[in-house]
Structures are given as structure tokens and as C-alpha cells.
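Work through these exercises with the structure open beside you. Try each task before you read its solution.

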Amino acid sequence: MNPNFTWDDLQFFLAVARTGQLSTAARRLRTSHATVSRRIDRLEFALKVKLFERNPRGYVLTTMGQRFVETAERIERETEQLQLDISDGMTAQRGVVRLSTLEGFGNFFLADRLSDFVGRYPNISLELVAIQQIMSLSRKEADVAVALAAPKAGPYHSEVLTPYTLHVYGARSYLAGHPLIRTRNDLGSHRFAGYIDDMIFTPGLDYLGELQPGLRAHFQSSSILTQLKAVRQGLGLCVLPHFMAKDEPDLEIVLPDEIALQRTYWLICHRDLIGMPRVKALRDFLVDSVAANRGCFLREILSAPAGSRRLNINRSLTI
């Protein structure tokens with residue numbers, strides 16, 4: 001192999017292979033667009049093979065490039081393991097770890113606990129991406145994900161993080177000025193805020209059909225934060241997670257004894273990354289933080305009388 005070929009070149013190759021864009025790869029590597037381009041050219045020259053097709057939309061792997069990804073990722077894993085073997089304790093827990101999560105969990109639960117993470121792992125830099133639909137674990141654009149469903153196939157380890165309950169909420173001012181809601185059937189005469197129908201990227205976010213067939217949102221947004229603000233302003237009702245809305249003084253649960261939807265957060269990572277110290281640190285922190293705050297996720301379950309249905313949340317899945 002050409003002596004100009006280095007492990008650093010492989011890092012640049014993998015960044016471009018996973019993102020398809022020089023600019024995006026440059027941001028991840030904290031370097032310049034020109035540097036990434038130069039290193040890719042150097043790698044192709046050293047290997048005497050074309051790894052990417054260049055086009056206006058970005059960099060697309062050639063057949064040989066796709067094969068080379070497997071080799072580069074194997075070297076990446078071995079390098080990480082070597083770093084682990086020669087390090088111990090806190091010195092192994094360093095570097096950058098990226099978490100992909102839904103907006104509600106990321107902004108309304110985890111964001112309030114960032115100082116706890118920094119206190120426990122001062123040498124790890126956390127990147128929190130709350131736009132999960134564009135992150136891919138398979139291309140390792142994120143190291144860990146919190147999602148509403150476990151992958152049905154692929155090289156992933158998945159475990160239940162926590163179930164959580166959702167309720168219909170309305171502003172007290174809205175409820176006082178609109179027809180009384182006595183049963184689920186009365187919901188059809190009220191406005192709702194909800195997700196944009198054709199931008200619901202996972203079935204778990206499609207709430208309104210569960211409340212009443214054919215129920216549609218009058219105000220639609222891809223952001224749960226915007227939906228929350230719409231409800232605060234009295235634009236209508238909205239389905240919100242309990243952990244998001246429980247501390248909102250102007251909101252009230254509608255039909256609390258009749259309507260309680262349930263979803264589950266799953267903690268997912270690529271099997272190749274599960275032993276990486278910074279990935280393990282983040283996974284451990286998420287599990288511990290959720291366990292210590294279980295009550296904010298499970299309003300109806302925790303307030304249920306003795307003998308009622310219990311949930312088994314100690315589940316994991318490796319596929």
C-alpha cells in the first residue's frame with residue numbers, strides 16, 4: 001500500500017461516505033471543506049481506485065467504495081478497541097458522542113439534565129440532535145438514538161428506555177369559552193393542534209386517529225414545541241406527553257379518566273459501537289436519568305390503584 005495512506009485518511013473517507021457531502025463531513029471533523037476534498041483525493045490516489053462518484057448532489061459511493069466501507073469500519077472498530085485497551089477509567093471516557101432523539105424527549109427532559117451529564121463525564125462532548133428523521137444509525141450519523149420503535153432488522157442493540165403516557169390538553173381559557181367536553185365523542189366539535197399529516201415520519205406520532213376516527217388537526221406543525229405554544233395561546237386542544245405538559249400551569253387535562261395514550265421510548269445503538277466508552281457512558285446516563293424520574297413519564301400508571309396492570313420495562317433486543 002502507498003506509504004502516503006494513513007488512518008486519518010480513513011476517517012475522512014468514512015465521514016464523507018456517511019454524509020454524502022463534503023461540507024457536512026467537514027463540520028463533523030471540525031475542519032474545512034477543502035481539507036476533506038484533498039484528503040479524499042489523496043486516499044483515492046494512494047489506493048489507485050475511485051471511491052466516489054462526484055455529482056451536483058454530493059458524493060456517491062462507487063461499488064469499490066461500498067466494499068471499502070466495510071474495511072474502513074473494521075479498522076475504525078479496532079482503533080477504538082485499542083484506545084480502550086490502553087486507557088482506563090475517565091481517560092477512556094472522552095471524545096464526541098452524538099445522540100439523535102425526538103424533540104420532546106431531547107428538549108423537555110434531557111436538556112434540563114445536561115449539567116448532570118457534564119458533571120459525570122467532563123471529558124465527553126455531547127451533540128444532541130432533536131431532528132431524528134434525518135439521522136441514520138446505519139450510516140453512523142448518530143451514535144445513539146432515542147426512538148419510538150426498535151428497528152426490525154439490522155446490526156442494532158435496542159432496549160426499552162421507558163413507556164410514557166400522553167393526554168389531551170387544553171388551555172383553561174380555551175376550555176372555559178368552548179362547549180363542555182363530557183365524552184370522547186365531544187372532541188369532534190373542537191379544534192386541535194397536531195403534526196403535519198404527510199410529515200409524520202413514525203406511526204407513533206399519529207395520535208388523533210386513536211382519539212376518534214377521522215379527527216384532523218386544524219393547526220399543524222412538525223414541531224411539538226410549536227404545538228405546545230399553540231395550545232397555550234388557546235388555538236385548540238392537543239395531545240401532549242405528560243412529562244412535557246405536567247408543569248404547564250395554564251393547561252388542563254381533558255377527560256383524564258377516559259383518555260390516556262401510551263408510547264415507549266427505545267434506546268438504540270449500532271452493535272459495533274456498544275462497547276465504545278463514550279457511547280456506553282451516554283447510554284448509562286440516559287438509563288439512570290430516566291429511572292430516577294420515572295414518575296414524570298407515567299402519570300396514569302403510577303397513580304393507578306394497587307393490583308392494576310403493571311408494565312415490564314426491562315426488555316432489550318439485539319438484532
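Two strands pair if DSSP finds at least two bridges between them. Helices (H or I, at least four residues) and strands (E, at least two) are DSSP runs, numbered from the N terminus. This is a predicted model, in which local features need pLDDT of at least 70 and side-chain atom pairs count only at pLDDT 80 or more, while totals for chains, interfaces and linings use all residues. Residues are numbered from 1 along each chain as its sequence is written, and side-chain values use heavy atoms, with hydrogens and water left out.

**Exercise 1. The whole chain**

Task: Find how many helices and strands the chain has, and what share of its residues is buried.

Solution:
- Step 1. The chain has 12 helices and 12 strands.
- Step 2. Apply the burial rule: buried means under 20% relative accessible area, exposed over 50%, partly exposed in between (1.4 Å probe, protein chains only). Of the 319 residues in the chain, 47% are buried.
- Step 3. Turn to contacts, meaning heavy atoms within 4.5 Å. Take those between residues at least 6 apart in sequence: 78% of them join residues at least 24 apart.

**Exercise 2. Strand β6 and its partners**

Task: State which strands are joined to β6 by bridges, and name a residue pair for each.

Solution:
- Step 1. Locate β6 at residues 156-171. In this strand, 16 of 16 residues are buried.
- Step 2. Take β11 (residues 261-270). It is joined to β6 by 10 bridges, and the two run antiparallel. Thr 162 faces Tyr 265 of β11.
- Step 3. Take β9 (residues 237-241). Four bridges link it to β6, again antiparallel. Here His 167 stands opposite Leu 240.
- Step 4. Take β10 (residues 251-254). It also has four bridges to β6 and runs antiparallel to it. Gly 170 has Glu 252 of β10 as its bridge partner.

**Exercise 3. Arg 283 in helix α11**

Task: Decide whether Arg 283 is buried or exposed, and list its contacts.

Solution:
- Step 1. Arg 283 is in helix α11, residues 277-292.
- Step 2. Its relative accessibility is 11%, so Arg 283 counts as buried.
- Step 3. Set aside neighbours within four places in sequence. Arg 283 then contacts Val 144, His 157, Glu 159, Leu 267, Cys 269 and Ile 274.

**Exercise 4. Salt bridges**

Task: Count the salt bridges, then place three of them in the structure.

Solution:
- Step 1. Side chains of opposite charge can pair when their charged atoms come close. The rule: a side-chain nitrogen of Lys or Arg lies within 4 Å of a carboxyl oxygen of Asp or Glu. The count is 17 salt bridges.
- Step 2. Asp 288 pairs with Arg 120; their closest N and O atoms are 3.2 Å apart. Asp 288 is in helix α11 and Arg 120 in helix α6 (residues 114-120), so this pair ties together parts 168 residues apart in sequence.
- Step 3. Arg 216 pairs with Asp 197, with closest N and O atoms 2.6 Å apart. Arg 216 is exposed at 53% relative accessible area. Asp 197 is partly exposed at 38%.
- Step 4. Asp 284 pairs with Lys 280, at 2.8 Å between the closest N and O atoms. Both lie in helix α11, four residues apart, which means about one helical turn separates them.
- Step 5. Look for a network: salt bridges link Asp 9, Arg 39 and Arg 42.

**Exercise 5. Aromatic rings**

Task: Which of two ring pairs is stacked, and which is edge-to-face?

Solution:
- Step 1. Rings of Phe, Tyr and Trp (its six-membered ring) pair if their centres lie within 6.5 Å; planes under 30 degrees apart count as stacked, over 60 as edge-to-face and the rest as tilted. The whole structure holds 14 aromatic pairs.
- Step 2. Phe 105 and Phe 297 are stacked: 6.4 Å centre to centre, with 25° between the planes. Phe 105 is in helix α5 (residues 103-108) and Phe 297 in the loop between α11 and α12 (299-302), 192 residues apart.
- Step 3. Phe 105 is buried at 0% relative accessibility. Phe 297 is buried at 0% too.
- Step 4. The ring centres of Tyr 164 and Phe 243 are 5.9 Å apart and their planes are at 75°, so this pair is edge-to-face. Tyr 164 is in strand β6 and Phe 243 in helix α10 (residues 242-245), so the pair ties together parts 79 residues apart in sequence.
- Step 5. Phe 105, Phe 109, Tyr 164, Phe 243, Tyr 265 and Phe 297 make up one aromatic cluster.
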